[in-house]
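This report covers a few local features of one structure. It takes up an aromatic contact, then strand pairing, a loop residue and a pocket.

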Amino acid sequence: MAFYKKFQSKLNDLWYPKAITTGTPITTDKVADKLSLLSTVTRGDTFAVLKNLGGVMADYMAMGRTVKIEGVGTFYYTAATNKRGVATSDGVNSGQINGIRVRFIPEVKRSSGKQITTRSMVDIDVDWTDIEKLANGGSADGGNGGNQGGSTGGDGGIEGDPLG
């Protein structure tokens, strides 16, 4: 069950559902445990691979490459600039970059008609529940299976302003 809370946009004063997370993050240990149950690999081997995955991905992305993990998606770097643009292209230099962001595009599978048939890491049967209603002793309203985002516009309803 996934949770949302009510969110009022400052741009237009309209209300939207906003996806939220609960509890503490799932640890590498828990992921390794579950993966080892689903495969023939031991928990220790799975844990070792997971612990090294981030470093390996960072090495490749630092070389200017994207990293595509089958069944997950594609990761790549973007440069964050200091917002001090210059008048000509000759003036552009690396000193204008003040940070790096990692971007992620979930893997999708398309039919022959170019329609998206599946998205990795998105369960089409997600039941969305108003966490405030649940916290106040109400029942889970669920029933929104197939709503792959839970919000309008923006980034599919993942933590943020639904208008962009």
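## Aromatic contact

The count of aromatic pairs comes to one. That pair is formed by F75 and F104, whose ring centres lie 4.8 Å apart with 40° between the planes, a tilted arrangement. The angle counts as tilted because it falls neither under 30 degrees, the range for stacked rings, nor over 60, the range for edge-to-face ones. The contact links distant parts of the chain, with F75 in strand 4 and F104 in strand 5, 29 residues apart. The model is a predicted one.

The two rings can also be described by their accessibility. F75 has a relative accessibility of 17% and therefore counts as buried, the cut-off being under 20%. F104, with a relative accessible area of 32%, is partly exposed.

## Strand pairing

Strand 4 takes part in two pairings, and both are listed below with one residue pair from each.

| Strands | Direction | Bridges | Residue pair |
|---|---|---|---|
| Strand 3 (residues 67-69) and strand 4 (residues 73-81) | antiparallel | three bridges | K68 and T74 |
| Strand 4 and strand 5 (residues 97-106) | antiparallel | nine bridges | Y77 and V102 |

Strand 3 and strand 4 make up a hairpin, with three residues between them. In the turn, G71 has a positive phi of about 85°. In a regular strand, side chains alternate between the two faces of the sheet.

## A loop residue with positive phi

Where is D13 found? D13 lies in the loop between strand 1 (2-8) and strand 2 (15-20). Its phi is near 60°, a positive value in a residue other than glycine. Most residues other than glycine have a negative phi. With a relative accessible area of 52%, D13 is exposed, since the limit for that class is over 50%.

## The second largest pocket

The second largest pocket has a volume of about 330 Å³. Which residues line the second largest pocket? Its lining consists of L35, L53, M57, I69, G71, V72, F75 and M121. By class, the lining residues divide into seven nonpolar, one polar and no charged. G71 is the polar member, because Gly is counted among the polar residues.

Two of the residues described above recur in this lining, which includes G71 and F75. G71 is the residue with positive phi in the hairpin turn, and F75 is the buried partner in the aromatic pair with F104.

Definitions and conventions. Residues are numbered from 1 along each chain as its sequence is written. This is a predicted model: local features need pLDDT of at least 70, side-chain atom pairs count only at pLDDT 80 or more; totals for chains, interfaces and linings use all residues. Side-chain values use heavy atoms; hydrogens and water are left out. On a 1 Å grid over the protein atoms alone, a cavity is a set of points where a 1.4 Å probe fits but cannot get out, and a pocket is an open set with protein on both sides within 12 Å along at least five of seven lines; lining residues have an atom within 4 Å of a point. Grid points are joined across faces, edges and corners, and a volume is the space filled by probe spheres set on the points. Two strands pair if DSSP finds at least two bridges between them. Helices (H or I, at least four residues) and strands (E, at least two) are DSSP runs, numbered from the N terminus. Buried means under 20% relative accessible area, exposed over 50%, partly exposed in between (1.4 Å probe, protein chains only). Rings of Phe, Tyr and Trp (its six-membered ring) pair if their centres lie within 6.5 Å; planes under 30 degrees apart count as stacked, over 60 as edge-to-face and the rest as tilted.
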